[in-house]
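Here are a few exercises to work through with the viewer open. Try each one yourself before reading its solution.

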Amino acid sequence: MFLMLKLMDVHVYYGSIQALDGVSLEVPKGDIVTLLGANGAGKSTTLKAISRLVNIKRGTYELNGKTVNKQSPHSIVKKQVIHCPENRRVFPELTVEENLRVGAYIRKDNKLKQDLDRVLSYFPRLGERMDQFAGTLSGGEQQMLAIGRALMGDPKILLLDEPSLGLAPNLVREIFEIIKQINEEGISILLVEQNAHLALETAKYAYILENGKIELQGSTEELKENDQVRQLYLGA
């Protein structure tokens, strides 16, 4: 199996506080992998380690078989690993169009118009609001914009942190259908998500973090039948 992304025994600290304690995970090419766990388990820190927004004190981080532990966030973006962070974090005083174009700031290719059209095909509402300031959008529209901005970076791997947070159930379903479409176009996805039911429906493989450690992993079909997972995450 050709792996695009691999963490091996990764340790991360915030000062003297250990946030990740030997995390190992893999994201194969073309798959959706989900990372589940309670608040504070280390899920967002894992994505930040992959984006190089936090330092890896020990362990190995590989992309396509090459170690990238010491590379800058800028260089990770150039390798087409794009992070869509928690809480949307759009630029409120820029328009929708300006936010989308910011997502492509590092690109030098000639496919920007094509990719902008693709983003607007996923999110037609953004096309209706191109001149509107992002800070005036609804929460759901801001989430669409955050994902669209990430897609404008032309990702090979998309890191999604809590895309359903704070959204109405009907909109959550819409966002997840779009996530599946994005994956079907060949983009690998590492998904951090509070809605375990949807995450396990959407992904192929799952890891469960507790206190900075991977405590369980397996195919999503296996984990949906696991008694511990059903009790802690699925309410069964």
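**Exercise 1.** Find which residue of β9 Val33 stands opposite, then work out how the two strands pair.

*Solution.* Start at Val33: across from it in β9 sits Tyr205. Next, zoom out to the strands in this predicted model. Strand β3 covers residues 32–37 and strand β9 covers residues 205–210, and they pair in the parallel sense over 5 bridges.

**Exercise 2.** Lay out the strand order of the open sheet, and pick its edge strands.

*Solution.* Walking across the 6 strands, you get β6-β7-β8-β3-β9-β10, and the pairing is mixed. The edges are β6 (81–84) and β10 (213–219), since each pairs on one side only. As for twist, neighbouring strands are turned by 15° against each other on average, ignoring direction.

Now add helices. Helix α1 (residues 43–51) packs on this sheet and touches β3, β6, β7 (157–161), β8 and β9; the α1 direction makes about 150° with that of β7. Helix α7 (residues 169–184) lies across β3, β7 and β8, and runs at about 150° to β8.

**Exercise 3.** Decide whether Ser188 is buried or exposed, and find what the Ser188 side chain reaches.

*Solution.* First, place Ser188: strand β8, residues 188–192. Second, check accessibility: Ser188 has 0% relative accessibility, so this residue counts as buried, the cut-off being under 20%. Third, follow the side chain of Ser188 to the backbone nitrogen of Gly30, at 2.7 Å. Finally, list the company: leaving out residues up to four places away in sequence, Ser188 touches Gly30 along with others, including Met4, Val27, Asp31, Ile157 and Asn183.

Technical notes. Residues are numbered from 1 along each chain as its sequence is written. This is a predicted model: local features need pLDDT of at least 70, side-chain atom pairs count only at pLDDT 80 or more; totals for chains, interfaces and linings use all residues. Side-chain values use heavy atoms; hydrogens and water are left out. Helices (H or I, at least four residues) and strands (E, at least two) are DSSP runs, numbered from the N terminus. Buried means under 20% relative accessible area, exposed over 50%, partly exposed in between (1.4 Å probe, protein chains only). A polar contact is a pair of N or O atoms within 3.5 Å; within protein, one must be able to donate a hydrogen and the other to accept it, and residues adjacent in sequence count only if both atoms are side-chain atoms. Two strands pair if DSSP finds at least two bridges between them. Axes are lines fitted to C-alpha atoms, for helices over the stretch in contact, and angles run from 0 to 180 degrees between N-to-C directions. Contact means heavy atoms within 4.5 Å.
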